[in-house]
Amino acid sequence: MNEVLRVIKERYSCRNYKNDLPDKDKLDAIALAGVQSPSAMNRQPWEILIITDKNFIDEMDTDTMKTLAAQEDKSTYERIMSRGGKVFYNAPCMYLILKHPIGNFAALDCGIVSENIALAASSLELGNVICAMANIPFSGSRGAEFKKKVGWSDDLEFGMAVLVGYAQESKEPHEVDMNKIRYI
C-alpha cells in the first residue's frame, strides 16, 4: 500500500493529547500542506492561524464548556464531559482556518484545507481532530476579545479548526462502511 493511502487508512480523530508542543518544523510542514490545498478557481479564500499558546487554548476551552453547559440541549456538553470535559482535548496546538467569504465554495475550500492539515499531521505521527466547535468561543460573549487576541479581522469568517499534538493514546480509525460506495 502506498504511503498516502496508508496514512488515510490509519488516521483517527484524537481526543486526548500530551502537553508537548510539536517541533516548529512539523508545525510549518503541516501549515504548508494546508496552503497547498486546491481551491475553486484558485481563489485560496483562507488564512491559517497557528495557535500554540496552551493557556489561551485552555481559556477558550473553558469558555466553550460554559457555553455548552448553558444550552437547553445538554447532549453535546454531556458527550464532551464523558470524554474528559475538554472540548479541545488538551491539545497544545490549534490550526484555525479563517475564510474570506468570496464565491460559492469558500466553505468547501476550507474543508479541503482542514483535511490536508489533518492528513499532514497524521503523516508526521501527530494526533489530530477536525474541530468545528472551535467557532464557539469566537462567536460567544468573549468572541470580540478572542478575535482581537488572534488578529482576526472583520472581513474573515470561521472556516474550520484542526487540533494537533502528540496523542496521549492511539486508537483505531472509525469502522469503514463499504455500503456507502456505489458504482453507477
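These are questions and answers on how labels are assigned in this predicted model.

Reader: What counts as usable in this model, and how are residues numbered?
Author: The model is predicted: local features need pLDDT of at least 70, side-chain atom pairs count only at pLDDT 80 or more, and totals for chains, interfaces and linings use all residues. Residues are numbered from 1 along each chain as its sequence is written, and side-chain values use heavy atoms, with hydrogens and water left out.

Reader: What makes a stretch a helix or a strand, and how many of each does the chain have?
Author: Both are DSSP runs, numbered from the N terminus: H or I over at least four residues for a helix, E over at least two for a strand. The chain has 7 helices and 4 strands. Along the sequence the pattern reads α-α-β-α-α-β-α-β-α-α-β.

Reader: How do you know whether the chain agrees with a compact globule?
Author: Compare radii of gyration, taken over C-alpha atoms; the globule rule is 2.2 Å times the number of residues to the power 0.38. For 184 residues a compact globule would have a value near 16 Å, and the chain has 17 Å, so the two agree. The C-alpha atoms fill a box of roughly 45 × 40 × 40 Å along the principal axes.

Reader: Why is Ser114 called buried or exposed?
Author: Buried means under 20% relative accessible area, exposed over 50%, and partly exposed in between (1.4 Å probe, protein chains only). Ser114 has 3% relative accessibility, so Ser114 counts as buried. Ser114 lies in helix H5, residues 106-123. Across the chain, buried residues make up 41% of the 184 residues.

Reader: What does Ser114 touch?
Author: Contact means heavy atoms within 4.5 Å. Not counting residues up to four places away in sequence, Ser114 touches Ile97, Ile130, Met160 and Val162.

Reader: What about Leu163: buried or exposed?
Author: Leu163 is at 0% relative accessibility, so Leu163 counts as buried. Leu163 sits in strand S4. Beyond four places in sequence, the residues that Leu163 touches include Tyr17, Val87, Tyr89, Gly127 and Cys131. Leu163 and Tyr89 are 74 residues apart in sequence, and their C-alpha atoms are 8.5 Å apart.

Reader: How many disulfides are there, and what makes a pair of cysteines one?
Author: A disulfide is a covalent bond between the sulfur atoms of two cysteines. Here the criterion is a pair of cysteine sulfur atoms within 2.5 Å. The structure holds 0 disulfides. Cys110 is in none: the nearest cysteine sulfur, that of Cys131, is 15 Å away. For Cys131, the closest cysteine sulfur is in Cys14, at 12 Å, so that pair is too far for a bond.

Reader: Are these two cysteines, Cys110 and Cys131, buried or exposed?
Author: Cys110 is at 0% relative accessibility and therefore counts as buried. Cys131 has a relative accessible area of 5%, so Cys131 is buried too.

Reader: Why is Asp154 called buried or exposed?
Author: Asp154 has a relative accessible area of 83%, so Asp154 is exposed. Asp154 is in the loop between helix H7 (143-150) and strand S4 (157-165). The C-alpha atoms of Asp154 and Gly127 are 31 Å apart, with their positions 27 residues apart along the chain.

Reader: What is the phi of Asn42, and what is that of Glu125?
Author: Phi of Asn42 is near 50 degrees, a positive value in a residue other than glycine. Asn42 is in the loop between helix H2 (24-35) and strand S1 (46-51). At 53% relative accessibility, Asn42 counts as exposed. Phi of Glu125 is near 65 degrees, again positive in a non-glycine residue. Glu125 has 71% relative accessibility, so Glu125 counts as exposed.
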